[in-house]
Structure formats: C-alpha cells, structure tokens
Amino acid sequence: MDQLDRTRLREALQAAESAIGLSDPNPRVGCVIGSADGAVFGIGATQAAGGPHAEVMALREARAQGRALAGATAWVTLEPCSHHGRTPPCCDALVESGIARVVIGIRDPNPRVNGRGAARLAAAGIEVAWAPDDIAAACRDINIGFFSRHERGRPWVRMKAAISADGRVARADGSSQWITGAAARQDGHRWRLRAGALLTGVGTVLADDPLLNVRLPQARRQPLRVVVDSAWRTPATARLFAAAGPVLVIGTQPVDGPSAIRLRHAGAELLRLPADAAGRVDLGPLMAALAEREVNELHLEAGPALNGAMLDGDWVDEWLLYLAPRLVGAGLPPASLNSGEALAEPPRWQWHAVEPIDGDLRLLARRRDAHLGGVGPAYSSVQTLSEAPVESTEATRKSVEESIACSGPRGLGTDSA
Ligand SMILES: NC(=O)c1ccc[n+]([C@@H]2O[C@H](COP(=O)([O-])OP(=O)(O)OC[C@H]3O[C@@H](n4cnc5c(N)ncnc54)[C@H](OP(=O)(O)O)[C@@H]3O)[C@@H](O)[C@H]2O)c1
C-alpha cells in the first residue's frame, strides 16, 4: 500500500511536469486517481490559468472511462485548493466524487489554501495522507517559484549565462553570440519556457538586440520579457518588439518624454520604479513588481552590470551556466561584483547538477542556504508514507507518458520523475 502511494505520487509528479510552460502563474500540479488494488482511473495536470486544475482533469478522465469513484484514492502533488480562485475549489470536486482517500505531496503555500484544503477534505470524512519528505521536496521543487512568491514575496531568480572556459560571457568588443553550441542554446530555451518572466538589462539589448523569446515548437505561451532601462534607451526598433509576446520596460524617468512615448508606440508597457543610489532601477521594488504580476520563476539573462547588481543585492537563487570549451581571451566576466566572497570562508554556493550538452556543459548551482526542505504536515491525524521505492506498473507508466504533451526541464535536483 505504501509502495503504491509512492509510485502514484511519482506518476502524479510526471504529470505535473506537463504543466511546465502552461499553467503559470498557477502551480504545476499532477493528480492520479485510482483504486487501492492498483488500477488507474484517471491522470490529470493543471491546464492554462482559468482552465481546470489537475484533480478536475483526472476526475474527468476517470468518469469518461465510466469508473466508479466511490472509495477511490486521489494522489495529488500539491494540496487541493479550497477557495474560489479562477476556478471553483478542487476540494469540492473531490468531495462530490465520493473519493475516500487523498494523498497529498505538499502543503500549498498560498495563504488562501495553506492547510485549509486538507482540513476541508478531512471534515468531509476523507482520509488525508501526506507524502514523505523526499517526495514532498520534489513536489516543492517543481513549483519552486510558486513557493518563493508565496513564502518570500518574490520570484525564484535563476541567472543564466553562457561562459567560455576562461570565464568570459562576451569578447572585449561586446560580441557574445554563439559562445556555446546549438544544443546548449536549445536547452536554454527550455529553461526560458518554464519562467514567468525573462529579465535583461538595456546594455544587452543595445549590444545583442535579442528577441529574448522562447523558440521551441512546444511553446504554448511566451514569458513576459522585462528590460531594466532607467532612461528609456531601448530603441523602438529593437527586435524584442518584432517577436510575439509582451515586453515590459522598467525605468526610473518620467514616462511622458519622447523616448518613452516612442517605446510605448513600439508596443512596450512602461513601468516607472524608484531609483537606487546610483540612479538605476531599484531592484527591491523590481522584485516586488514582478511578484505582483505573479511571476514565479524569473530567468535573468543579462550582462555583467545587471548580473552583478542582482548578485550584490542577494537576489539570485540559482545559476544556470553553460560552459563552452573555448578560450575567448580579453572579454567580459559574467558578473561585475562590488565585492566577492572571502576565500577563507566556505563557498556560499554549491553545485547542484552537471550535465554534458553536446560539446558544452550545463552547470546548476544554488545558494547553500536556499530553502529547499519539504514542508511538513500540519495535522496530527496525518500519516507519513514509507520510504520504500517501487517500480510503476507498465500500464500506468504508459498512461502517464501519453498524458504528457510537453515536458520542460525536469524538477531540479530530484530523481522524482
Ligand atoms: N554570454 C551570455 O550569456 C550573455 C548574456 C547576456 C549578455 N551578455 C553580454 O553582456 C554585455 C552587456 O553587458 P552590460 O553589463 O552592459 O548589460 P546588462 O547588464 O544587460 O545591462 C546593464 C544596464 O541595465 C541598466 N540597469 C537598470 N537598472 C539597473 C540596476 N539596478 N543594476 C544594473 N543595471 C541596471 C543600466 O543602464 P541604465 O543605467 O541606462 O538603466 C545598465 O547599464 C554584452 O556584450 C552582451 O553580449 C552575454
């Protein structure tokens, strides 16, 4: 029984991955409904915001197959919602279905849910169980930005850079394109896809004129593209405006001058925020503004000035580095820092995952103090499942695979999926 729970939760996690690049700003959630003797009735994942959540999708599939739901179990990666958001509460749908037991991956950090979903199920006589810590951590990881936004009031910030083996992101003349190979660049697009917003500085816009969009066939939405540009120096002819998707330019100057008006005519939304001591966009209000726009994961793809400021301000949670086996010589570093770490101290960062990507390497690092632990259960009546791993049944694996239309990069640092 416990082994079945673990298997079903891992399958629900796989289903949740299919919501990457789709469900934002809602969390990526997967749900499996089945019986205690191992039959699977339905599998679902959260759809685009305003669309059905994972539980409703799984219930629909089970009903479409004519399954009797009385006495069944639902395995869901995130606590079912108990409030009316863009859709009615999933708890109500589960209660009405006659399901007898719900196994939850992790508590929802959204203050409108945060334990209320489990309490609502328990009050309706449904047995509620919680995942063990390792699965809870994987359930948290797939929604790391959603947790960050609700727990810290700001997005999870991932700083991406393509770097030569001698630590350069651009040549001395500012040219940086094609430091890494095509496969690494393609992989970078998959990481862009999972972000709610892509952030760069006007320095990169002026040097590279990037599209800064997701160029993947499976992209069903484009993240918000954000440029910090204190004095509206972004050219109205920038290629940013030629690609589909919204562009937000954030500056510190009044928005009624000629350059600001030109940018608005080009299609940009302009936002004026307070300036920092150097007259640049103050990064605290920037983070708050992005959280207010429900950005969960923020993909920072900028030059040394903005990367340095983000690192100095302690806003970066994770590095996504592509390391190329080439030597550029004189050039720019990934970040211009005001002060580095003391070498006598242990590093503040740790490598998290290393992956060869064709001829390059993908390196992921996280701050040592990044809060990654699973959030424990909140109710004294909950049970914790055993740790023993089991194989999934072939039929369920196939069903999960069929339900996954598009998978972004896997949840980080877990072997959950
Ligand atoms: N290899 C890679 O992965 C990669 C990726 C991106 C860029 N690059 C390279 O990086 C180079 C550009 O570097 P860069 O440092 O000039 O550009 P950047 O970091 O993208 O943009 C810097 C500009 O952003 C504006 N800004 C506004 N608020 C800021 C704040 N709080 N902190 C810092 N900047 C703020 C500033 O201009 P205002 O003062 O006018 O607001 C600043 O000059 C190019 O050569 C590009 O090719 C390489």
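How many of the 417 residues of the protein, as a percentage, count as buried?

## Overall make-up

In this predicted model, 48% of the 417 residues of the protein count as buried. The chain is organised into 12 helices and 16 strands. Among the contacts in the protein whose partners have a separation of 6 or more, 72% are made by residues that lie 24 or more positions apart.

## The open sheet

Nine strands come together in an open sheet, whose order reads 11-10-9-8-12-6-13-16-15 and whose pairing is mixed. Strand 11, made of residues 269-272, and strand 15, made of residues 349-357, stand at the edges with a single partner strand each, so one side of each has no neighbour in the sheet. From one strand to the next, the twist averages 25°.

## Pairings within the sheet

Both senses of pairing can be followed along this sheet, which is mixed. Strand 6 pairs with strand 12, residues 297-300, in the parallel sense and over four bridges; here tryptophan 156 has glutamate 297 of strand 12 as its bridge partner. Strand 13, residues 318-324, pairs instead in the antiparallel sense with strand 16, residues 360-367, and six bridges join the two. Within strand 16, alanine 365 is the residue that stands opposite tryptophan 319.

Strand 16 also pairs with strand 15, again in the antiparallel sense, over eight bridges, and in this case arginine 362 of strand 16 stands opposite glutamate 355. Strand 15 and strand 16 form a hairpin with two residues between them, and in its turn aspartate 358 has a positive phi of about 55°.

## The surroundings of the ligand

Which residues come nearest to the ligand? Of the 31 residues around the ligand, those that come nearest are Gly201, Gly203, Ser230, Gly303 and Ala305. The elements that give two or more residues to this shell are strand 6 (156-164), strand 8 (197-201), helix 8 (202-208) and helix 11 (304-312). Helix 8 provides the largest share of the shell, with five residues.

Sorted by class, the shell around the ligand holds 17 nonpolar residues, together with eight polar and six charged ones. Strand 6 and strand 8, which are among the elements giving two or more residues to the shell, also appear in the order of the open sheet, where strand 12 is listed between them.

Terms used:
Residues are numbered from 1 along each chain as its sequence is written. This is a predicted model: local features need pLDDT of at least 70, side-chain atom pairs count only at pLDDT 80 or more; totals for chains, interfaces and linings use all residues. A residue is near a molecule or strand if its C-beta atom, placed from the backbone, lies within 6 Å of it. Ala, Val, Leu, Ile, Met, Phe, Trp, Tyr, Cys and Pro count as nonpolar, Asp, Glu, Lys and Arg as charged, and the others, Gly among them, as polar. Two strands pair if DSSP finds at least two bridges between them. Axes are lines fitted to C-alpha atoms, for helices over the stretch in contact, and angles run from 0 to 180 degrees between N-to-C directions. A residue is buried if 20 or more other C-beta atoms lie within 10 Å of its own, exposed if 12 or fewer, and partly exposed in between; C-beta atoms are placed from the backbone. Two residues are in contact if their C-beta atoms, placed from the backbone, lie within 7 Å.
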